[in-house]
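Hi there,

I'm passing on the structure we talked about, together with some notes on it. Have a look when you get a chance.

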Amino acid sequence: MSPLSPGVLIFETQQDLIRGIEKVKQGTLAFVISDQLLYIRAASGWRAITLGPTIFAAPTEASKTTKLASTQAPSRIRLPPPNIKLHGQYLRMVALNLPLNGWMNSIGGIDRKCWEQSRAANLTGAYRAFLSNRLQHVKSIVHKEDRTLPVGNIQGDQLFPSWDSIFTSRYAFNPDIPIYSFNGSNVVTDPTWPFKHIWHGSRENGIKYPSNCRSWLSSSRKDSSTASALNGRESALFEREFPCNSDFIVLCVHINPTRRRRFRSSNKRVL
């Protein structure tokens with residue numbers, strides 16, 4: 001953390017911003033370099049400030065080089081290409097309508113919230129939270145026969161080429177591809193979600209992480225779990241710990257697009 005100008009602080013990442021909140025007075029402005037976002041310290045925490053359109057100056061060779069370096073994903077990270085429309089069966093990934101801290105009323109409680117909001121949005125099928133806990137690996141929430149299906153948003157834009165690729169190919173979330181909430185907001189750009197991180201509680205391979213906010217029953221800053229950024233510069237399940245009082249995006253996944261309800265036929269007895 002360093003001063004940018006009187007009353008304005010500069011942070012390298014949102015993680016640094018969250019950790020520094022207790023040292024900052026209300027009314028202070030802060031700029032986060034990694035996400036190019038401006039925040040103000042309010043009584044309830046950091047709140048994002050919506051900025052106007054960018055005014056472009058004539059770029060110099062140095063600025064072109066700097067921009068390229070800041071927007072390209074690290075060499076070991078794969079960025080899914082944008083503008084791929086999905087047709088047929090795919091796994092939908094949808095965000096809950098508000099950010100949440102680590103107290104989610106357990107994995108059962110947050111699965112229930114995914115189900116309720118999917119029904120309110122007139123979406124069919126089973127939706128579960130994109131989370132691991134002490135009894136569940138996130139990679140296993142989708143049925144085996146569906147794990148080769150692509151993953152997309154509710155508008156049919158591909159997010160990942162397959163479910164398995166999230167855990168095996170080091171794909172990042174592409175910030176140019178929208179992730180919609182159940183009420184239709186794009187969480188990548190909407191200020192309702194000031195911190196562009198998703199809770200997942202996992203290791204990069206989709207296995208549960210040792211710390212998961214006490215099985216998603218803690219909002220204490222003394223507890224922690226893992227979350228990853230949507231900036232395209234770290235893997236979808238990047239293993240970075242955050243305190244459980246952080247308000248982050250929670251994703252839900254349509255886990256059974258190929259399954260059909262099976263009805264057991266009954267033989268009528270003719271008398």
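Below are notes on one pocket and one strand.

This is a predicted model, in which local features need pLDDT of at least 70 and side-chain atom pairs count only at pLDDT 80 or more, while totals for chains, interfaces and linings use all residues. Residues are numbered from 1 along each chain as its sequence is written, and side-chain values use heavy atoms, without hydrogens and water.

First, the pocket. On a 1 Å grid over the protein atoms alone, a pocket is an open set of points where a 1.4 Å probe fits, with protein on both sides within 12 Å along at least five of seven lines; lining residues have an atom within 4 Å of a point. The second largest pocket has a volume (the space filled by probe spheres set on the points) of about 540 Å³. Its lining has 21 residues, with Ser44, Gly45, Trp46, Phe195 and Asp247 nearest the centre. Strand β5 gives the largest share of that lining, four residues.

Now the strand, β13 (residues 251-254); strands here are DSSP runs of E with at least two residues. Leu251 and Val253 on one side, and Cys252 and His254 on the other, are all buried (under 20% relative accessible area, 1.4 Å probe, protein chains only). β13 pairs (at least two DSSP bridges) in the antiparallel sense with β6 over three bridges, and Ala95 stands opposite Leu251. β7 also pairs with β13 in the antiparallel sense over three bridges, with Arg128 opposite Val253.

Best wishes

Terms used
Buried < 20%, exposed > 50% of the residue type's maximum accessible area, 1.4 Å probe, protein only.
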